[in-house]
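Morning, everyone. I have one structure to walk through today. Please have a look at the screen.

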Amino acid sequence: MASAASVVLASCGLGKPDIPEIGKGLSQSAIEGQEAFDARIKKRFAVGSSAEAMVSELTEQGFEESTFQKKQVRTLDYRNDRFPVHTLWSVRWREDQGKITEVWGVFGHTGP
């Protein structure tokens, strides 16, 4: 019964961790956190690697594909919208024939 409740909570976003696995341990400073997250994304998902594998891994961590696309950039976002501070971890990339041609990470906070 507990596992069924976990599935329901996770599907509602209530069981989602505050921070995605790939975002753990970042500085909460906007500049330092941004630079570290970008470097972490570029190291983990190198140019030339499979875009499908990256999407699969990040989706398992709770990232969701964004409908926002600009100049053939795809985006996966992980949001923590807990008041008063909203945090975003975003992975953005371009691909060609299923291979990553450019990738970068965006990290930041917004609040009242």
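I'll start with confidence, then take a helix, the core and two loop residues.

First, this is a predicted model. Mean pLDDT for the protein is 86, and 85% of its residues reach 70 or more. Where is confidence lowest, and where is it highest? The low end is helix α1, residues 2-11, with a mean of 40. The high end is α3, at 98. Across residues 1-13, pLDDT is below 50. That stretch has 3 contacts in the model beyond near neighbours in sequence. Where pLDDT is low, predicted coordinates should not be read in detail. I'll leave that part there.

Now helix α2. It covers residues 30-44. Does its length agree with theory? What should 15 residues span at 1.5 Å a residue? The answer is 21 Å, and the end C-alpha atoms of α2 are 21 Å apart, so the two agree.

Which residues of α2 are buried? They are Gly33, Phe37, Asp38 and Ile41. Down the helix axis, these buried residues fall within an arc of 130°, so they line one face. The general rule is that an α-helix has 3.6 residues a turn, so residues three or four places apart point the same way. The buried residues of α2 pack against β3 and β4. On the other side of the helix, Ile31, Glu35 and Lys43 are exposed.

Stay with Phe37 for a moment. Set aside its neighbours within four places in sequence. Phe37 then contacts Ile22, Gly23, Leu26, Trp89, Ser90, Val91, Gly105, Val106 and Phe107.

That leads into the core. The largest nonpolar core has 18 residues. Those touching the most other members are Phe37, Met54, Leu58, Phe63, Val91 and Trp93. Two or more residues each come from α2, α3, β2, β3 and β4. The top contributor is α3, with 4 residues.

Last, two loop residues. Ser66 sits in the loop between β1 and β2. Is Ser66 buried or exposed? Its relative accessible area is 15%, which is under the 20% cut-off, so Ser66 counts as buried. Outside its neighbours within four places in sequence, Ser66 contacts Thr75 and Asp77.

Gln97 is in the loop between β3 and β4. At 78% relative accessible area, Gln97 is over the 50% cut-off, so it counts as exposed. Its backbone deserves a look too. Most residues other than glycine have a negative phi. Gln97 is not a glycine, yet its phi is positive, about 50°.

That's it from me.

How values were computed: Residues are numbered from 1 along each chain as its sequence is written. This is a predicted model: local features need pLDDT of at least 70, side-chain atom pairs count only at pLDDT 80 or more; totals for chains, interfaces and linings use all residues. Side-chain values use heavy atoms; hydrogens and water are left out. A nonpolar core is a set of buried Ala, Val, Leu, Ile, Met, Phe, Trp, Tyr and Cys residues joined through side-chain atoms within 4.5 Å. Buried means under 20% relative accessible area, exposed over 50%, partly exposed in between (1.4 Å probe, protein chains only). Contact means heavy atoms within 4.5 Å. pLDDT is the predictor's confidence in each residue, from 0 to 100. The expected span of a helix is 1.5 Å times one less than its number of residues. The arc is that of the directions from the helix axis to the C-beta atoms.
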